[in-house]
Structure formats: C-alpha cells, structure tokens
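Trainee: I should like to take a close look at a single part of this structure, the interface between the chains. Please describe that part in detail and then place it in its wider setting.

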Number of protein chains: 2
Amino acid sequence: IPMEHSSDNRQLKFKEFPYVSVPHKELMVELVSTLENRLGTSLLPCTLPSDVQYFENQTGTAHGSLYVRSGNSASQVDFILGSWVHCNLPTGGALNITSLSAYLRPSTDAPNFLIEVICSSPTTLILILDLPPRKDLVQHPDYLKTFYEDTQLDKQRQRLGKLPEVKPYFSSSLYIRAVVSPSAILFSVETEPTQPIQIDELIRDHISPVAKVMLDTWLDLCACAERRLTDDESTTVAKRDRINKNKTIEIDLESSFPRLFGQEVANRVLGVLREIYNS
Amino acid sequence: IPMEHSSDNRQLKFKEFPYVSVPHKELMVELVSTLENRLGTSLLPCTLPSDVQYFENQTGTAHGSLYVRSGNSASQVDFILGSWVHCNLPTGGALNITSLSAYLRPSTDAPNFLIEVICSSPTTLILILDLPPRKDLVQHPDYLKTFYEDTQLDKQRQRLGKLPEVKPYFSSSLYIRAVVSPSAILFSVETEPTQPIQIDELIRDHISPVAKVMLDTWLDLCACAERRLTDDESTTVAKRDRINKNKTIEIDLESSFPRLFGQEVANRVLGVLREIYNS
C-alpha cells in the first residue's frame with residue numbers, strides 16, 4: 001500500500017521503495033543488501049544532496065529517489081546506483097520503475113550489473129536484467145566465453161522465458177538493445193487483468209531467484225575477481241564506459257525526467273548524475 | 001518438387017535451389033539476381049572447384065552447394081557467398097537451409113548483409129535477416145544512427161513480428177546473437193501442421209518484401225556508398241572482420257558439416273571457405 005507523502009514530511013529514501021508491492025520491494029531490498037553486504041567498506045557512504053536522494057514534481061504526482069555509493073580508491077567498483085520513480089498516470093493507475101546498477105572501474109574490463117523493473121499497471125511488468133559487457137563481444141570471443149558461455153547465464157533467461165506470461169521485450173531504443181549482452185533478460189509480462197496477484201507471485205517465485213543468481217555471478221566473477229589489463233586495454237575500456245554512461249543517461253532519463261518532474265528538478269538530478277558518471 | 005539426383009548426372013548448381021518450395025526458391029533467386037545485377041562487373045566470376053559448387057555425402061542423403069563471387073580490386077565488396085544445404089531427416093522429412101551473405105572490404109566500415117532461411121519441416125521456418133554491423137555500436141552511436149536508426153530498419157522487423165505465427169528466435173550460439181544488429185530479424189515461424197501452404201504464403205507475401213527492402217538498403221547505403229576511413233580505423237575493422245568470419249565458420253559449419261557430409265567432403269568445402277575468408 002503506497003504511503004501518503006507531502007513535502008513537509010520526512011524525506012522518503014531510496015531503500016524504502018514506498019510505492020511498489022511487497023514482493024517487488026523485497027526483491028529490490030534484497031539485491032541492494034546483498035550488494036552492500038558483499039562489497040562492505042569498499043563502498044563509501046551515499047553523499048547525494050537530500051533533494052536528489054528524494055525529489056518530486058510541483059503537483060506531487062511524480063516522486064523519485066536516487067542512491068549512489070562510490071567505491072573507495074582501492075575498489076574495482078566505480079559506483080552503485082539505485083533509483084525509483086513513481087508517477088500517477090492519467091488513467092488512474094501508476095507507473096513504478098525501480099532500478100539498481102553497478103559500474104566497475106577501468107582497472108577491470110569485467111561486465112557491469114543492471115536490473116530494472118518497470119510496472120505500468122498491476123498486471124504488466126517489464127524486466128531488464130543483465131551483466132552488460134564492457135568490450136565488443138565480436139572482437140573478443142574469449143570474453144564472451146568467460147562471462148557468458150562458461151557462466152551459463154542464458155539458462156537463467158531460459159528459465160523465465162518458458163513461463164507462458166513472459167514474452168521477449170524489445171526496447172524502443174536500439175542503443176539500449178546494443179548495450180546489453182546476448183544472454184540479457186529482456187522480458188515483458190502480461191497477466192490476466194482479473195488476477196493482479198500473479199505479477200507478485202512471478203516476482204517472488206521466478207524473478208527474484210534469477211536476479212539473485214545473476215547478482216551472485218556478478219559479485220563472484222566481476223566485482224571481486226581480478227583482471228590484469230594493459231594500459232591500452234584499460235584506456236579503451238574507459239573510453240567505451242564514458243560513451244556508454246552518457247548515452248544511457250541521455251536515453252533513459254533526459255527525455256523522461258523533464259516531462260515527469262519539470263525542467264528544474266530534472267536539471268538538478270541529471271546534473272548530479274552527469275557529475276558522477278564523468279568523475 | 002525436389003529433383004532426383006545421382007552423382008553421374010550434371011552437377012546441381014547454387015542458383016537452382018532444387019529442394020525448396022517455389023516461393024522459397026523465388027525469394028533466394030530474386031535476392032541473388034538483385035545483388036548481381038546491381039554490383040554488375042565489379043563481381044568476378046565464381047571460380048570455386050565444381051566439387052565445392054556442388055557436393056553430397058556418400059549415401060546421397062545430404063546435398064549442398066556453395067557459390068562465391070569476389071569483388072574486383074576496385075570494389076568495396078570483398079565477396080558474396082551463397083549456399084544451400086538439403087538433408088533427409090530420419091523422421092522422413094528434410095532439412096533445407098539457404099543463405100546469402102555479402103561481405104565488404106576494410107576500405108569501408110559499413111555493415112554486411114545476411115539472410116539465412118532454415119526449414120526443418122513444411123510448417124516451420126527460421127529466418128535470420130540482418131545488416132550485421134562491423135563496429136562496436138556501444139562505442140559508435142553515430143554508426144548506429146546512420147545505419148540502423150535513420151534507415152528505420154526496425155520497422156521491417158516489427159512488420160514481420162506482428163504476424164501471429166512469428167516468434168522471436170534465439171540462436172543457441174551467444175556469438176551469433178552478439179554478431180547481429182539490434183534491429184536484426186531473428187524469427188521462428190510455426191504454422192498449423194494441417195496447412196503447410198501458410199509458410200509459402202508467409203515467404204511470398206511477408207518475408208520477400210522485407211528481405212528486398214533490407215537488401216536495397218544495404219546496396220544503397222553500404223555497398224555503393226563511400227565511407228572515408230583513416231588507416232587506423234581500417235585496420236581495426238579488418239581485424240574485427242577476420243575474427244568474425246572465422247568464428248562464424250566455426251559456429252555455423254565446422255560442427256555440422258562433418259556430420260552432414262562426412263569428414264572428407266567437409267574438409268574440402270571448409271578448406272576452400274577458410275581460404276576465401278582469410279585471403
């Protein structure tokens with residue numbers, strides 16, 4: 001049950017996920033906790049201004065939260081980034097987006113981690129869950145083998161894909177389609193309108209276990225394992241990361257945030273994000 | 001109606017497509033003709049040995065044909081490569097694969113062209129139709145824009161995707177999934193077993209027009225347009241092409257050809273292909 005909120009109240013925070021269903025919240029909280037527990041003190045505290053950790057539009061119909069923790073100087077983790085957006089729809093329903101991503105530094109070329117759950121009604125869900133590669137897989141078949149073939153991540157995709165409610169999802173952005181790995185989980189789910197409970201069951205019984213396997217794989221193989229890169233390799237990865245991060249902000253947020261939150265709030269939030277992405 | 005063939009008869013040739021349905025043959029013949037007419041004398045004649053232009057296994061249950069024309073020295077076209085394979089299945093049916101691809105030289109970085117049609121029964125079809133990119137799209141958003149966004153190739157994918165018999169196809173090879181573009185047409189079709197005619201209608205009324213648009217786009221924008229590359233860019237593209245071509249042979253043919261045609265025939269045919277790919 002969504003909590004009522006006025007701007008006079010205490011500020012809502014990222015880890016509260018106040019607008020989504022219990023299984024949806026539990027999924028996100030568990031992933032954030034797993035990530036934070038495992039990475040421990042190598043993550044610095046979140047230092048975002050409070051009006052970026054929580055923000056809303058003038059009419060109070062759209063609410064958002066951002067959460068960033070950077071890795072300390074010894075860490076391979078660049079930063080972890082969590083967010084949620086809740087927005088009332090003209091139809092009476094609401095749009096809820098929750099996401100968690102983890103970016104590594106160019107000291108390693110191992111993949112990043114990404115989950116995004118988009119609910120635009122109680123009976124529909126879009127899931128993006130992947131370890132996006134940081135190298136061109138066509139040029140680097142050994143990289144494909146290490147992170148995608150040997151890990152058998154595609155089995156996780158197949159596990160979800162065989163459920164009758166689940167269909168492949170194609171992002172309208174070709175860039176987003178190009179960014180993800182060949183075993184990326186990109187699904188849209190539509191259940192019978194009479195039984196919205198099914199989405200919750202699906203999150204709890206199917207999506208959560210798969211997301212945990214993906215995150216554990218990422219922690220073991222990517223965040224906490226060492227890859228020895230030459231300076232040239234590291235420079236190439238850094239360049240690709242920079243393009244990718246800026247392009248992702250542009251596609252994901254620059255078009256929707258001004259519409260949802262007004263230009264002023266959007267400028268403030270996106271400005272902070274851009275700083276983090278390019279620091 | 002498949003023609004009977006014994007090794008004493010005249011050799012079957014690529015453009016005859018003797019084992020597939022009329023609409024399937026017409027599709028392939030039209031694509032090959034369009035390609036050859038448009039590229040004209042910039043393509044050298046096919047000089048493959050006759051036992052590579054047509055080959056079969058010892059028991060005569062598997063037949064194959066290969067067709068290669070290289071670009072002349074002034075052409076941006078490296079070579080065009082057509083093939084078909086026909087193989088009786090233990091179930092009584094037959095597997096038919098027809099393919100046509102066109103590879104460009106590193107004097108340009110424009111995408112290649114690829115179509116592959118796989119029929120393992122009269123009621124099923126797998127279609128792979130794409131302009132596979134020759135650069136990492138994450139690092140080169142301008143390239144993505146020029147060849148995929150501005151051309152609106154994804155509309156062709158959507159045209160086919162909305163047919164009820166058509167479902168997204170996921171290759172079992174992650175490398176093949178990584179090689180294709182984000183607007184690649186990767187579909188599997190399954191029609192009611194009682195009405196095999198539907199596959200033919202689908203090829204004639206839906207797949208053929210889309211394939212022609214894709215090939216025309218490739219001819220106009222890739223094969224016959226100039227891209228000015230620096231030496232460094234050209235070297236990078238050449239390196240990527242080489243890895244890609246060898247990996248594609250390995251995945252597509254090295255596993256299946258010995259099984260279908262026996263080791264001796266497979267060695268002969270793959271040896272010739274490897275030479276062309278690496279010359």
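**The interface between the chains**

Mentor: In this predicted model, 24 residues of chain B are in contact with 24 residues of chain A, where contact means heavy atoms within 4.5 Å. The model is predicted, with local features requiring pLDDT of at least 70 and side-chain atom pairs counting only at pLDDT 80 or more, while totals for chains, interfaces and linings use all residues. Residues are numbered from 1 along each chain as its sequence is written, chains are lettered from A and ligands numbered from 1 in the order in which they are written, and side-chain values use heavy atoms, with hydrogens and water left out.

The size of an interface is often given as the accessible area lost when the parts come together. Here chain B and chain A bury about 2400 Å² between them, and 69% of this area is on carbon and sulfur atoms; buried area is the accessible area (1.4 Å probe) that two parts lose on being put together, summed over both. B:Val138, B:Gln139 and B:Leu174 supply 28% of the area that chain B buries against chain A, more than any other three residues.

Charged and polar pairs also cross the interface. There are 4 salt bridges between chain B and chain A, a salt bridge being a side-chain nitrogen of Lys or Arg within 4 Å of a carboxyl oxygen of Asp or Glu. One of them joins B:Asp136 to A:Arg240, with the closest N and O atoms 2.6 Å apart. Between the two chains, 8 residue pairs are in polar contact, both residues being at pLDDT 80 or more. A polar contact is a pair of N or O atoms within 3.5 Å; within protein, one must be able to donate a hydrogen and the other to accept it, and residues adjacent in sequence count only if both atoms are side-chain atoms.

On the side of chain B that touches chain A, the elements giving two or more residues are helix 3 (141-149), helix 4 (153-161), helix 5 (174-179) and helix 7 (231-254) of chain B. Helices (H or I, at least four residues) and strands (E, at least two) are DSSP runs, numbered from the N terminus. By class, this side has 13 nonpolar, 4 polar and 7 charged residues; Ala, Val, Leu, Ile, Met, Phe, Trp, Tyr, Cys and Pro count as nonpolar, Asp, Glu, Lys and Arg as charged, and the others, Gly among them, as polar.

As for the wider setting, chain A has 9 helices and 8 strands. Its C-alpha trace spans about 55 × 45 × 35 Å along the principal axes, and 53% of the 279 residues of chain A count as buried, that is, under 20% relative accessible area, with exposed over 50% and partly exposed in between (1.4 Å probe, protein chains only).

Salt bridges also occur within the chains. A:Glu30 pairs with A:Lys212, the closest N and O atoms being 3.2 Å apart; this pair links helix 1 (residues 22-39) and helix 6 (residues 197-223) of chain A, the partners lying 182 residues apart. Both partners are partly exposed, A:Glu30 at 36% relative accessibility and A:Lys212 at 30%. In chain B, the side chains of B:Arg268 and B:Asp51 meet in a salt bridge (3.3 Å, N to O), which links helix 9 (residues 263-278) to helix 2 (residues 50-53) of chain B across 217 residues.
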